[in-house]
Amino acid sequence: MELKQRKFAIGYLAIVLITIFAFQFPLFGPRAANVSYSEFKALAKKGKVSNLTLDKETISGTLSTDGLETLLPKEKLEELKRSGDGPHRFVAARVEDPGLVAELEQANVQFAGHVENTWLSTLLSWVLPAVVFAGVWVVLIRR
């Protein structure tokens, strides 16, 4: 292998390693605890949740750590203790509940809605199959 080619390969290796380390932190960092909807409602009534974000399919927010012994199962408490002290992020699957907003307002919990921007995925779902089809067609016609 020539010296120039070796430097080129080492450069690519360095770029790949830097990319792996850059993506490792957000992908494998601390994760939000999964909480059932019934557990979420019990926590909300007791004022143990804050900074809620209501999505179309999920509810996420911050969970305070004090006084959870009676509200969460033992396994969840141990999972939260392993992830460290302080407030923890949580996620719950959203269930169709017309009275949820009223209950959150009654418990004085701050919440906000979140609208997901899906124009790029919608565009790709229409354009990408057509491009793949055209590419396969061009390859087959040239043969």
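S50 has T62 of strand 3 as its bridge partner. The two strands concerned, strand 2 and strand 3 (residues 58-63), run antiparallel and are joined by four bridges. Helix 2 (residues 37-45) packs on the sheet. This helix touches strand 2, strand 3 and strand 4 (88-93), where contact means heavy atoms within 4.5 Å. The direction of helix 2 makes about 130 degrees with that of strand 2. Such axes are lines fitted to C-alpha atoms, for helices over the stretch in contact, and the angles run from 0 to 180 degrees between N-to-C directions.

The model is predicted: local features need pLDDT of at least 70, side-chain atom pairs count only at pLDDT 80 or more, and totals for chains, interfaces and linings use all residues. Residues are numbered from 1 along each chain as its sequence is written, and side-chain values use heavy atoms, with hydrogens and water left out.

The chain holds five helices and five strands. Helices (H or I, at least four residues) and strands (E, at least two) are DSSP runs, numbered from the N terminus. Their order from the N terminus is α-β-α-β-β-α-β-α-β-α. The five strands form an open sheet in the order 1-4-3-2-5, with mixed pairing. Strand 1 (33-34) and strand 5 are the edge strands, and each pairs on one side only. Two strands pair if DSSP finds at least two bridges between them.

Of the contacts in the chain with a separation of 6 or more, 68% involve residues 24 or more positions apart. Buried residues (under 20% relative accessible area, 1.4 Å probe, protein chains only) make up 21% of the 143 residues. The chain exposes about 11400 Å², and carbon and sulfur atoms supply 62% of that area. Areas come from the Shrake-Rupley method with a 1.4 Å probe; for residues, only the protein chains shown count as cover.

Two asparagines have a positive phi although neither is a glycine. N51, in strand 2 (residues 49-54), has a phi of about 50 degrees. At 44% relative accessibility, N51 is partly exposed (between 20% and 50%). N108 has a phi of about 55 degrees. N108 lies in the loop between helix 4 (100-106) and strand 5 (111-113). With a relative accessible area of 69%, N108 is exposed (over 50%).

The chain averages a pLDDT of 81, and 84% of the residues score at least 70. pLDDT is the predictor's confidence in each residue, from 0 to 100. Among the elements, helix 5 (residues 119-142) has the highest mean pLDDT (90) and helix 3 (residues 74-82) the lowest (73). Where pLDDT is low, the predicted coordinates should not be read in detail.
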